[in-house]
Protein chains: 2
Amino acid sequence: MTGSPRIVEVRKNILKRNDEAARALRQRFQEAGVFVVSLVSSPGSGKTAFLEKTLTLLREAGRRPAAVVGDLATQNDAVRLARSRTPVKQIETGTLCHLEAAMVESAIAEWDLTALDYLFIENVGNLVCPASYDLGENLRVVLLSTTEGEDKPLKYPTIFNTADLAIVTKIDLADAVEFNRELACANIHSIRSGLTVLETSSKTGAGLREWLALLESRR
Amino acid sequence: MTGSPRIVEVRKNILKRNDEAARALRQRFQEAGVFVVSLVSSPGSGKTAFLEKTLTLLREAGRRPAAVVGDLATQNDAVRLARSRTPVKQIETGTLCHLEAAMVESAIAEWDLTALDYLFIENVGNLVCPASYDLGENLRVVLLSTTEGEDKPLKYPTIFNTADLAIVTKIDLADAVEFNRELACANIHSIRSGLTVLETSSKTGAGLREWLALLESRR
């Protein structure tokens with residue numbers, strides 16, 4: 001929002017309240033032994049396709065994943081993700097441009113967290129607003145599709161700065177869109193030095209084994 | 001932001017102030033005889049490539065266009081757009097997720113608007129927040145790339161509801177990503193009945209003549 005003292009103060013209070021809620025969530029997650037991963041990206045970067053593949057592969061590997069997914073409107077993503085036969089909850093945010101910790105708390109209220117190994121939180125498609133809101137996650141993953149252009153890390157630095165991992169999606173389209181992987185990586189690392197970057201395709205399955213191995217090792 | 005009474009009140013005041021600034025801008029634009037077009041979309045939908053082509057084609061047609069472009073960080077887009085040899089101003093919003101009318105006002109402060117036929121305003125890449133902020137434009141255009149998926153109008157209804165025109169970009173990639181144009185159109189029209197939809201490619205030039213004809217007729 002704009003920079004008047006009153007707005008800044010109100011915004012500070014919102015963030016402070018969110019940080020407290022996120023801290024409580026993180027504590028609960030840790031006690032329950034569930035590893036929590038949040039996904040942020042532009043609309044249409046392939047978060048849901050990526051998450052559907054991830055849930056399916058984890059279930060096939062004997063793990064117990066679940067997912068919470070945020071959108072302004074529709075239950076579409078929850079319907080898509082339910083095909084992975086894992087527990088899924090949709091949060092409809094209305095006009096709100098990001099998820100907050102309290103929304104996640106409500107969404108998972110009825111779940112027994114000790115029965116889960118992984119909880120995934122798919123944020124509203126937005127490369128700006130979700131950056132400021134801690135959701136109590138252990139790992140924040142920013143997704144960047146090959147079709148979006150290599151300059152996005154430079155233009156949306158905060159979200160890349162707050163991420164623990166970057167995933168390039170739609171790598172199967174790299175040639176068609178003349179994606180320059182060296183430039184994309186250089187741009188990511190100019191914002192966040194040393195950030196791990198994985199290249200994946202939910203269509204061909206490329207990179208998904210490496211992603212699962214990384215998840216298991218971080219957990 | 002969240003829904004506490006205090007936040008709602010502050011948000012109302014911001015929007016009210018913006019509406020007043022936008023009204024004044026619209027009056028100035030009208031008096032100067034400049035037709036103002038704003039572009040909104042996800043990050044990476046191809047707004048800048050589309051705008052670069054548009055500026056070049058308009059200049060070649062003897063028109064006098066100019067552009068203001070918003071990003072959180074970098075002057076990249078202004079540098080790209082300057083290749084069209086038209087006046088361009090970059091607005092860096094810092095962490096702000098959208099442009100506001102007052103920012104546009106500052107950006108164009110030194111320009112003689114009567115020397116322009118068209119002013120384009122490229123918003124921050126974001127399908128949520130720009131929807132609520134009037135910039136005094138005559139035409140708000142929402143761009144949707146074929147690579148983003150056909151469901152975006154359903155998931156981000158407000159931005160499609162406030163748009164005067166929808167442009168599908170990267171139509172050259174339609175086959176590669178199995179883009180379903182009928183479904184995309186049906187989804188757009190379920191949110192905003194009768195909205196004109198143009199299919200374009202900044203790479204091949206497809207649809208750009210129709211876009212220019214539409215601009216000239218609306219002006």
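This report walks through the pockets, cavities and chain contact of a two-chain model.

The model is predicted, with local features needing pLDDT of at least 70 and side-chain atom pairs counting only at pLDDT 80 or more, while totals for chains, interfaces and linings use all residues. Residues are numbered from 1 along each chain as its sequence is written, chains are lettered from A in the order in which they are written, and side-chain values use heavy atoms, with hydrogens and water left out.

**Where the chains meet**

Let's start with the interface. Chain A and chain B each bring 47 residues to the contact, where contact means heavy atoms within 4.5 Å. Together they bury about 3800 Å², and 58% of that lies on carbon and sulfur atoms; buried area is the accessible area (1.4 Å probe) that two parts lose on being put together, summed over both.

There are 6 salt bridges across this interface, against a count of 26 over all chains. A salt bridge here is a side-chain nitrogen of Lys or Arg within 4 Å of a carboxyl oxygen of Asp or Glu. In one of them, B:Lys155 pairs with A:Asp77, with the closest N and O atoms 2.8 Å apart. That pair runs from helix H5 of chain B to helix H3 of chain A. Helices (H or I, at least four residues) and strands (E, at least two) are DSSP runs, numbered from the N terminus. A:Lys155 has a salt bridge too, to B:Asp71, with 3.8 Å between the closest N and O atoms.

Polar contacts link 9 residue pairs between chain B and chain A, both residues being at pLDDT 80 or more. A polar contact is a pair of N or O atoms within 3.5 Å; within protein, one must be able to donate a hydrogen and the other to accept it, and residues adjacent in sequence count only if both atoms are side-chain atoms. On the chain B side, helix H1 (5-32), H3, H5 and helix H6 (157-161) each supply at least two of the touching residues. H1(B) gives the most, with 8 residues. By class, this side of chain B has 20 nonpolar, 12 polar and 15 charged residues. In this scheme Ala, Val, Leu, Ile, Met, Phe, Trp, Tyr, Cys and Pro count as nonpolar, Asp, Glu, Lys and Arg as charged, and the others, Gly among them, as polar.

**Pockets and cavities**

Now for the spaces. On a 1 Å grid over the protein atoms alone, a cavity is a set of points where a 1.4 Å probe fits but cannot get out, and a pocket is an open set with protein on both sides within 12 Å along at least five of seven lines; lining residues have an atom within 4 Å of a point. Grid points are joined across faces, edges and corners, and a volume is the space filled by probe spheres set on the points.

| Space | Volume | Nonpolar | Polar | Charged |
|---|---|---|---|---|
| Largest pocket | about 910 Å³ | 9 residues | 14 residues | 17 residues |
| Second largest pocket | about 740 Å³ | 8 residues | 12 residues | 14 residues |
| Second largest cavity | about 40 Å³ | 2 residues | 8 residues | 4 residues |

The largest pocket has 40 lining residues, with A:Gly46, A:Ala49, A:Arg80, A:Lys170 and B:Thr147 nearest its centre. H2(A) makes the largest contribution to that lining, 7 residues.

For the second largest pocket, 34 residues form the lining, and A:Thr147, B:Gly46, B:Ala49, B:Arg80 and B:Lys170 lie nearest the centre. Here H2(B) gives the most, with 4 residues.

The whole structure holds 2 cavities of 30 Å³ or more. Among the 14 residues lining the second largest cavity, A:Thr147, A:Glu148, B:Ser145, B:Thr147 and B:Glu148 are the closest to its centre.
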